[in-house]
Each structure stands twice: as C-alpha cells, then as structure tokens.
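Please walk me through this structure, starting with one of its helices and going on to its pockets.

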Amino acid sequence: MSVRVRFAPSPTGFLHIGGVRTALFNWLFAKREGGVFILRIEDTDKERSEKRFEDDILKNFEWFGISSDEPIWRQSERIDVYKKYLLQLLNKGKAYYCFCKEDELESEYQAQMSQGIAPKYSGRCRSISREDGELRAKTERAVIRIKMPEQLIQFTDSVRGKVSFDTKLFGDIIIAKGLEEPLYNFAVVVDDHETKITHVIRGEEHLPNTPKQIVIQNALGFPSVQYGHLPLILDTSKKKLSKRFLQDSLNQYRADGYLPSAILNFLVLLGWHPENDREILTVEEMKKEFSLKRVQKAGAVYNTEKLDWLNAMHIRMVPLPDLVEQVLPFVPEIWKVDTTKLTRVVEFTRERMKKLSDFPLEAKPFFEIASYDVKLLMWKDFPLSDSKKHLLEILTLIKSGGDSSVKIMEYANKEGKGNVLWPLRVAFSGLQNSPGPLELLSVFGPIEAEKRIIDAIQKIS
RNA sequence: GGUCCCAUAGUCUAACGGUUAGGACAUCGCCCUUUCACGGCGGAGAUAGGGGUCCGAUUCCCCUUGGGACUACCA
C-alpha cells in the first residue's frame, strides 16, 4: 500500500514555523516513500476559522514550494460525511446524545479534581434510549458522546515506539456538538479514513489524543493507521514555543530575506539528522535522505543562530542570476537601472550577506560614498600626509589608463599594502569596513574612482 | 493533582553494548588579509544522579531527579 500523509492546519491563525516543520516532515516522508501528501484545512470551528488565515497558509506553502498532491480538503465541505458516520455510531449504540449542562459538568469536574481524581464524565446520559435521545435532541441542545470502552490502548509510534494509555481516565468524550457540528477528534478519524491516510505524522502535543482517536476508529470499524509524533519545538526555557512567536518569526524571516530552502534546512534539522554529518541540505537532498527512523524523541530548543549560518550558505548556492532576481525586493530603485552593475555587485557581496536584507548595507559603497571623517583615511600611525601622497600617486596611475588595478597592486607591494590600500579603500567607501578597494574600483570604474579620490585628497588638505 | 512523553556540551545533533564520546552553530585563539566578512587551523565545552544486567554500558532494565505535553461542547 502506498504511503499517504496529510498536514491538517486549522485556519484560526497565520501559519507558524511549527506547522511548517510538521508539514515538511510529512511532505518529505511522502516524497521519500513515493507517496502522496495532502493538505487538509480543519475548519470545523466556525467561530474561529477565517478565510484570510487559510489564504495565508496556502500562500506560505507556495513560497516554501510545498504543495498538496491532491485537491485541498476542507472539513467545512464535508459535513454530510461526518453526519453519516455520526448516525452510524448512534444507531449501533456506540454513541449517544447527552443533555447535561455545561456548567453542571464543570463543577463536577472541579470536585473530582480537588479529590485528586482525573476529571471525567459520569456517563449519566448513557442510559437515555436511542429513541428518547433523538426525540429530545430535536428540541433540546444535545452533544454526542462516544461510549468509551474501558481498555488499555496500545500502539507503536514511529518515533517513540510502544506507547499505551488507559481509556478509563477519559470517560465518554464528546465527538460532536450535534449532527452538524463534528469535533476535532472525530473529524480527524473520519477524514483520515476517507482520504486513506496511512501515516499520521504530527506534533507530540497530539499524543494524548491518539488513544481517543483509536477508540473512535475502532467504533467506526476503520483500519488503524501508523502514528508518528514529532518532538516539540521549545523556547529557551524548554517550554513549547507560543504560536504567536512562531507566526511572527515566519513573517519576519520572509521580510528579512531568508531563503525558503534555508528555513526548511534549519527546520528539518530540528528533530532529524541525515546519516552522515552533512548539515547543509538542499530540498532535493532532504527528499532523498529523510527517514522517520532518525527522528529525535526529545524536544528541540529553537535557536536561530544556526539559521543565520544556513541562510548564508544557501545564499551562496543560488546561481548568480537567480540571486540577483531574489535580492531585487531589497534593492533601492536607483540601483536597479544598471543590471550589469547590479549583478557584479551581488557577486561581490553575496558572501557577505547573512540574509538578503543585508544587501543594501553591503552594496552601498559600490553605488554611493558615505560621509566620513578625514581621520579615517589614516593608516595606523602613519601621518595623513602619507595617505595623501599615495592617493595622489594612485590618481595618476588611474589617469594613465590601462589596467589600473595591476598598477595599484604593484605600487602597493612597493610601498606597503596597508599604507596604500587602506586610504584608498576609505576614499572609495568612506567606511571602517567594506569590500576591498579593487573590487569597488572594478565595479564603479575610473571616473567615479577619480572623483572619490579627489574628494579624499581635498578632505586632507 | 492525574495521565503520558522525554533526558549526550550554551544550542541542534552522531555513536548494530566495545569510539581518545564524532559533527555543526555559537564562543575563544591563531593564520590568511588593506579593514570587515569569507576561508583555513586549533582550543574550551557533554553522556543528570543512583542502582542493576553484562567481561564491558551513552546505548538494555529499575528508581530518583529534572524538564515538557495533555488534561474543552478548540484544533
């Protein structure tokens, strides 16, 4: 049987990094196994689900290059199907209507909790007959509960191995707020079955839901699926990272010019590691090498220092013309006029960038000179007059034509590299730190060079 | 409180029961170098504690400790 997996976000908020990682692991697993990856929108919660959130999720997936192999599945469009299965459970006596009031239940739970017992539903409405239940449900507000069999649920998790839960602690859980309003645990089971999902790969926070879903699965007579629970992504104090933080960071990364491939590379390493020691991976390599067996059990602290490094590495892997394209959103309009020049500048600055938004800063000296203090032209303890002398000499070298950079290097080797090249670099960039003077010269040419050198000389005198 | 899960450096991680416990990020130092970045070389830094099993435990078992998730008529 071929592998079928899904990623099932609920559109109650913007897509966050944790979701991207879960989706990535599912997607990679499917690709590796030659299977199918499905995107399912879990919008059964009408109050909180919003279209704009769904749009955001889809838009981001496109950016990452992760796509659903089949049409997107929306729970809100499947209400009839859930209803069918709900009825089936009701008819078989495996589920029943419950008319208990929420606030009464609440105080019951409180009482149980204060006695140190796990709070659970008493099963009071179990005794209501099918007919009575249905009748009352027409006029009275009712929820549907599943009869929880008392048993030990055991399953083998792909990443955790054998896991077991005692259903005695659960009680009869609510699976729907009525025939038209299925709840998460129930809808998941139905959807996974309807879409023939073979492997459920999701975050560890879902581990306690698994036995409940297995019970529902059994009641419905569905075959079981293989579960795999991914380690949580934690903050520096080892707590599960907040959705809010994860959402903001994804938006921030996009705005800062992190490459999707670098983010994916960073995320895949959060809980997984290839067989060798290689860590810089392209998406294609991830697809080839991913395996559930090598997924970590312990939670991973989210530390983005490595993301910066990975992003720098990925920036270097992008072919130059593509990189120019990608850097464009960060380039001031006036710099876009000369694309040949822009390309050369990108070439000289790509290794200096950690993220694409670094480009304007790194590229600035190629286009314009910063205002600077005359003292900056001084090399170490040598007098400013030395700098002036060297700049004057370079000026004549440039004016004499030919390959001026060769001549400048010859001169620099004779006079001392720092003596010559430092003031020249400052004259060209006006900066404490910048690319080398010859690189700058090769991009903006002799005319601009002469102008900047003359300005520097005038500053000195 | 209850149930469940987890435990190698600051962080991400590697190690069919036998390794000087490996790699990467970060950090520090040196080199390269006109500066910064890049690059190269090197340093410091870890198996939570205690019991077993075994000729031999990072690895298997138990306990302790610590951390976390879940505990909705949300997903």
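In this predicted model, the buried residues of helix α9 pack against five named partners, namely α1 (17-32), α2 (51-64), α8 (243-256), α10 (283-289) and α11 (305-317). Helix α9 itself spans residues 260-268 and is mostly covered, with seven of its nine residues buried; these are A262, I263, L264, N265, F266, L267 and V268.

Two of the partners of α9, α1 and α8, also appear in the wall of the largest pocket, where β1 (4-7), α1, α6 (184-194), β9 (199-203) and α8 each supply at least two residues of the lining. The largest pocket has a volume of about 1,100 Å³, and of the 43 residues that line it, those closest to its centre are A8, P9, S10, H206 and K243. The greatest contribution to this lining is made by α1, which gives five residues, and the lining as a whole divides into 16 nonpolar, 14 polar and 13 charged residues.

The second largest pocket has a volume of about 360 Å³, and 15 residues line it, of which C100, E102, L105, V143 and I174 are the closest to its centre. The elements that provide two or more residues to the lining of this second pocket are α4 (102-114) and β5 (143-146), and the largest share, four residues, comes from α4. In its composition, the lining of the second largest pocket has nine nonpolar and six charged residues but no polar ones, whereas the lining of the largest pocket includes 14 polar residues.

Note on methods:
Residues numbered from 1 in each chain as written. Chains lettered and ligands numbered in written order. Predicted model: local features only at pLDDT ≥ 70, side-chain atom pairs only at ≥ 80, totals over all residues. Heavy atoms only, no water. Buried < 20%, exposed > 50% of the residue type's maximum accessible area, 1.4 Å probe, protein only. Contact = heavy atoms within 4.5 Å. 1 Å grid on protein atoms, 1.4 Å probe; cavity = no way out; pocket = protein on both sides within 12 Å on 5 of 7 lines; lining within 4 Å. Points joined across faces, edges and corners; volume = space filled by probe spheres on them. Nonpolar A, V, L, I, M, F, W, Y, C, P; charged D, E, K, R; others polar.
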